[in-house]
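Consider the charged side chains of the model shown here, and follow how they pair with one another across the fold.

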Amino acid sequence: SVGRLTTTSSNDTDSNDTLGSIELIGDSIRHTGGQSGIKTRTLTRDAYNSSTNIQLGDGENRRSQLDLSEAELTTALDDRIEELYIGRDTGANAEESETGGAITMVSDITFSPSVTLRSPTTINTNGYALATTGSADLTLQANGDITTGTLTTENGDITVNTPGYFRAVESKLENGDRTSIETGGNNKISIRHGGNGTLPFTVGD
């Protein structure tokens, strides 16, 4: 399949100071390097075509979408990876796509590095738990609606950015209370969504 591999590394040592970045871009990419087989500081996984959707937690490797298995996103990553980006840039320089690039999830996933999900359309993780460990942050960015199950960090921040609508649908029982979004310690939860100042932000609806 058509794709792109980009690396920016300086030396092959055990120091994080010498680790660079790796971009694995393709509509069908299968990593077979085994446990901790991807060694870098920053890793980006994305489809080559802007119209291709991304599904997390599924190892079927379909041609119609980019399937990233749970193992590819967890055990395949070296513990020195600090940042993981899934999907394409949603900023001012983002490529326009009105029909593709959506991110969905089909299993619970807990990430070790800070992770950012980026979509030019929508993100939907409803029905599943998205979490990070340690001090890793969790960020969701989309140009369309974002719908989630539970979002949890151990000791990191949670950020949600969309000009559309945001809904955290699922909840879990924690210390006698039901929560949808939870961070440990004194970490921040930031939610920025559309509404033009007229749509209320409702908790518990």
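The paragraphs below go through salt bridges in this predicted model and the burial of the residues that form them.

Side chains of opposite charge can pair when their charged atoms come close. With a cut-off of 4 Å between a side-chain nitrogen of Lys or Arg and a carboxyl oxygen of Asp or Glu, the count comes to four salt bridges, and three of the pairs are described here, including one that joins arginine 45 and glutamate 72 through their side chains, with an N to O distance of 3.7 Å. This pair connects distant parts of the chain, since arginine 45 lies in strand β3 (residues 42-46) and glutamate 72 in helix α1 (residues 70-73), 27 residues apart. Arginine 45 and glutamate 72 are both buried.

Strand β3 also holds aspartate 46, whose side chain meets that of arginine 88 in a salt bridge with an N to O distance of 3.4 Å. Here too distant parts of the chain are linked, as arginine 88 belongs to the loop between β6 (83-87) and β7 (103-105), and the two residues are 42 residues apart. Because buried means under 20% relative accessible area, aspartate 46 counts as buried at 8% relative accessibility, and arginine 88 likewise counts as buried at 12% relative accessibility.

A further salt bridge is formed between the side chains of aspartate 78 and arginine 80, where the N to O distance is 2.8 Å. Both partners of this pair, aspartate 78 and arginine 80, are buried.

Technical notes
Residues numbered from 1 in each chain as written. Predicted model: local features only at pLDDT ≥ 70, side-chain atom pairs only at ≥ 80, totals over all residues. Heavy atoms only, no water. Helix = DSSP H or I, 4+ residues; strand = E, 2+ residues; numbered from the N terminus. Buried < 20%, exposed > 50% of the residue type's maximum accessible area, 1.4 Å probe, protein only.
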